[in-house]
Amino acid sequence: MLVYNTRTHRKQELKPIEEGKIRMYVCGPTVYDQIHIGNARTFLSFDVIRRYLIYKGYQVTFAQNLTDVDDKIINRANEEGRTAAEVAEEFSNAFIQQMHRFGIMDPDIRPRATREIEAMQQMIQILIDKGNAYVADNGDVYFSVRSDDAYGILSGRDLDQLRAGERVEVNDQKRDPFDFALWKAAKPGEPSWPSPWGEGRPGWHTECCAMIHRYLGTPIDLHGGGQDLVFPHHENETAQAMCAWGKPLANYWMHTGMLRVNGEKMSKSLGNFYTLKEVLDKYPADAVRLLMLQTHYRSALDFNFQMLEGAVGTVERLRTCVKNLRWAANNAQAQNELGEGERALGQAIDQARADFVAQMDDDFNTSGALAAIFALVTAANKYLADAGGNASTALTLRAADTLAELGDVLGISLSADEDELPHELVDLARQYASYEGDSASEAADALLTARQEARKQKNWGVADSIRDGINALGLVCEDTAAGSRLRKANDNK
């Protein structure tokens, strides 16, 4: 399995620190608002990476933090006349809720910054003792970037070639403009905690490094986040780890590409800024996932609602194929010999599985993995059309199970339960089919049989009345070579 490592700028074979096990960390959100779809793209990418590693048999320990103390949280709290803790709690819960709606698996470990102050202070003290950090006159504690000879190893940046003040905070408390805060001295009205250097709170770059070391140890196997975190956030994280513990923070650094909307950078000023909640309120999560996964995680993703509409239809077509396969299996006639069509479908199943794994093994290429699924759907649809009522039960079930299994690796459900039939079918069946039971499913079979019999006798009026009654319930009769069935009127064939 190959993984692109941001630090080495190339794909490398994945070699876990401990055989059969993966320790993985992805930077979580700062909880001051609903997350936007760019954030969601990152969390989705690593959810699928995690799912695939589990699929391959690895024991994955996945951690993701919540940054629940930060300037943005404090500013919003002040604007709304609330405490920072109230704002953080509201949007921590909102984040978790939207992740559940989006089909993102919960992390095994979800540390919150405000509950890990002691671990951060211990790391800061180690850095001070080693001469890699210093206490400013006002009680701030800063990391001295020039004390780390390897600084820039992740991003490839040379401090001497960067201008003072570029993407760094400049103030007169720092010895060097590129030094960054490990601990911020308390300001009036802000949340703070006691420390050896006075009341204060942790700096943003401090949090993840300390929490990774506490819960996963160092180094870990995989560390992920958005491309915008490479510098300075992840560069600062790995600098702290190397200086504090003499070990890299992670062996593989992975970063997702940026998301654009209709080719433009997403921003509120352009009116193209969308939260995940806004999108999921209007579109199914599986369709949003499919749209995002059609682009490799390291590439820029161009998001637009026309493409999302198309993804809705694509998911339905995939599900309909699985549904048709299972229906054909349940209605197939006994078959003793496998013909050319069966051999072709069997080969397509094997090829789809092999192609799916090959693509995912190549730096988690979900675009290629989806292509493997689509190829199997094409082969399955051709087989069903050619086989009619002579489909192989075992083979159609195997194809359906394979599609559902591969979809599940991507977090896209293709094996949805059969649609619940309306109970009004019972009344309709009593009218046209002399049905006396109380089962909607049995009533549907009785109606289909009655309609078929009416057509054989050329009693078109009765046949049409049965059809019209079924249509009035939002269903249609679908006649196939293998027989007739009911489906929702809006299902894609």
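**Figure 1. Pairing of β5 with β6 in the predicted model.** In this predicted model, β5 and strand β6 (residues 141–143) run antiparallel and are joined by three bridges. A133 has F143 of β6 as its bridge partner.

**Figure 2. The antiparallel sheet and helix α4.** β5 and β6 belong to an open sheet of four strands, in which the pairing is antiparallel and the order is β5-β6-β7-β8. The edge positions are taken by β5 (133–135) and β8 (200–202); each has a single partner strand, so one side of each is left without a neighbour in the sheet. From one strand to the next, the twist averages 20°. Helix α4 (residues 117–129) packs on this sheet and touches β5, β6, β7 (180–185) and β8. The direction of α4 makes about 120° with that of β7.

**Figure 3. The parallel sheet and helix α1.** Another open sheet of four strands has parallel pairing and the order β4-β3-β9-β10. At its edges stand β4 and β10 (250–256), each with a single partner strand, so one side of each lacks a neighbour in the sheet. The twist of this sheet averages 20° from one strand to the next. α1 packs on the sheet, where it touches β3 (21–26), β4, β9 and β10. Between the direction of α1 and that of β3 the angle is about 175°.

**Figure 4. Strand β10 and its pairing with β9.** Six bridges pair β10 with strand β9 (residues 220–226) in the parallel sense. Two facing positions can be followed along the pair: G225 stands opposite H255 in β10, and G226 stands opposite T256 in β10. Although β10 stands at an edge of the sheet, six of its seven residues are buried, so the strand is largely enclosed by the rest of the structure.

**Figure 5. Lining of the largest cavity.** The model contains four cavities of 30 Å³ or more, and the largest has a volume of about 70 Å³. Its lining consists of R41, S45, V48, I49, M292, L293, T295, Y297, F364 and T366. Two elements, α1 (37–55) and α8 (285–293), give two or more residues to this lining. α1 gives the most, with four residues. By class, six of the lining residues are nonpolar, three are polar and one is charged.

**Figure 6. Lining of the second largest cavity.** The second largest cavity has a volume of about 60 Å³. V26, F43, F46, D47, R50, F62, Q64, I104 and M105 form its lining. The elements that give two or more residues here are α1 and β4 (59–64). α1 supplies four residues, the largest share of the lining. The lining residues divide into six nonpolar, one polar and two charged. α1 thus appears in three views: it packs on the parallel sheet, gives four residues to the lining of the largest cavity, and gives four to that of the second largest. β4 likewise appears both as an edge strand of the parallel sheet and among the elements that give two or more residues to the lining of the second largest cavity.

How values were computed. Residues numbered from 1 in each chain as written. Predicted model: local features only at pLDDT ≥ 70, side-chain atom pairs only at ≥ 80, totals over all residues. Heavy atoms only, no water. 1 Å grid on protein atoms, 1.4 Å probe; cavity = no way out; pocket = protein on both sides within 12 Å on 5 of 7 lines; lining within 4 Å. Points joined across faces, edges and corners; volume = space filled by probe spheres on them. Nonpolar A, V, L, I, M, F, W, Y, C, P; charged D, E, K, R; others polar. Pairing = 2+ DSSP bridges. Axes fitted to C-alpha atoms, helices over the stretch in contact; angles between N-to-C directions. Contact = heavy atoms within 4.5 Å. Buried < 20%, exposed > 50% of the residue type's maximum accessible area, 1.4 Å probe, protein only.
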